[in-house]
Amino acid sequence: MRDRKKDIAFRVIVLIIVLLPIALLASYFIQPDLPKVDLVDDGGFEQGKGKWLLGDQPAKNVSIVDELSHNGTHSLRIIGGGQGFNQDWALRAVTPGTHLVFFTLLESVDRQDLPQALFHLYFYLYNNPIRYHIDITVTHENGDPYRESAFDPDPGTLPGGVSVWFNRNGLGNWTMISLDVSDIIRKHFPNNFWPSISGVLLENSGDGVVYYDDVSVTTSSIVNPLVQLGSFVYYNTIGQVVFGTLVSLGLSEFFKAVYHRAKLRPKSKNSPTNR
Ligand SMILES: [Ca+2]
């Protein structure tokens with residue numbers, strides 16, 4: 001009787017060890033509508049500088065202003081090129097449905113200049129220390145209304161990433177830019193299961209004036225443990241080792257149990273009086 005209890009306990013443990021990684025893997029692909037969280041703090045620029053950081057460029061060209069806004073009373077205004085305003089957060093796994101939205105307004109000062117909003121979303125690929133970008137350029141120039149292409153890192157100069165262009169946008173109107181971050185990264189870097197995002201940088205890459213408002217990067221508030229483990233692996237291969245060990249331990253115990261059961265079966269048939 002005691003042996004039987006032990007046997008059941010053993011099988012339950014084996015079942016848990018085997019099923020846990022399978023369940024985690026399945027939950028990665030089957031994600032119900034989980035609650036979302038916005039990683040950008042005050043993307044509407046209504047609470048002052050807050051967590052936004054100003055680059056080392058002259059502050060007079062980058063400012064939170066109350067002259068124009070898409071929502072609320074304030075927005076970010078960048079005059080001329082080469083200026084930036086950024087916000088970083090702790091590395092966050094890109095779960096399916098991770099979404100980027102922002103509003104931008106382009107303004108020409110003398111009708112000769114070419115204002116361009118340039119928005120960077122930083123991301124990391126699995127087990128790779130290079131910080132990649134999704135670079136989104138919004139212009140009012142002619143050309144394809146939308147184009148998208150991946151680019152490789154250039155050592156010492158350019159990070160790798162995906163370049164996205166939205167052209168033919170009118171001057172003086174708020175334009176909504178909306179992208180599925182997980183789709184874009186997976187499309188151009190298909191062999192990386194666990195990308196992570198770490199922050200945004202907002203620039204004006206032309207001349208003229210560029211405004212930004214209502215910046216948001218939404219992702220699942222509950223980070224899938226397996227995806228989180230993938231991000232952890234980026235920092236420390238211990239995560240990978242632990243996961244690999246769990247899977248192999250689970251499988252080996254499973255096969256042991258199957259073997260044990262196969263050995264027991266003929267015995268129990270031949271000795272029914274033992275029961
Ligand atoms: Ca606002």
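**Exercise 1. In which sense do β7 and strand β8 pair, and over how many bridges?**

A bit of housekeeping before the solution: this is a predicted model, where local features need pLDDT of at least 70, side-chain atom pairs count only at pLDDT 80 or more, and totals for chains, interfaces and linings use all residues. Residues are numbered from 1 along each chain as its sequence is written.

Step 1. Find the strands, which are DSSP runs (E, at least two residues) numbered from the N terminus: β7 covers residues 117-124, and β8 covers residues 131-138.

Step 2. Check the pairing, which takes at least two DSSP bridges between two strands. β7 and β8 pair in the antiparallel sense over eight bridges.

Step 3. Look at the link: the two form a hairpin with six residues between them, and Asn127 in the turn has a positive phi of about 60°.

**Exercise 2. Find the neighbours of β7 on either side of His120.**

Step 1. In β8, His120 stands opposite Asp135.

Step 2. β7 is also joined by eight bridges to β12 (residues 196-204), again antiparallel. There, His120 stands opposite Leu201.

**Exercise 3. Work out how the side chains of β7 are arranged.**

Step 1. In a regular strand, side chains alternate between the two faces of the sheet.

Step 2. Here, Ala117, Phe119, Leu121 and Phe123 point one way, while Leu118, His120, Tyr122 and Tyr124 point the other way.

Step 3. Eight of the eight residues in β7 are buried (20 or more other C-beta atoms within 10 Å of a residue's own, with C-beta atoms placed from the backbone).

Terms used: Buried ≥ 20, exposed ≤ 12 C-beta atoms within 10 Å, placed from the backbone. Helix = DSSP H or I, 4+ residues; strand = E, 2+ residues; numbered from the N terminus.
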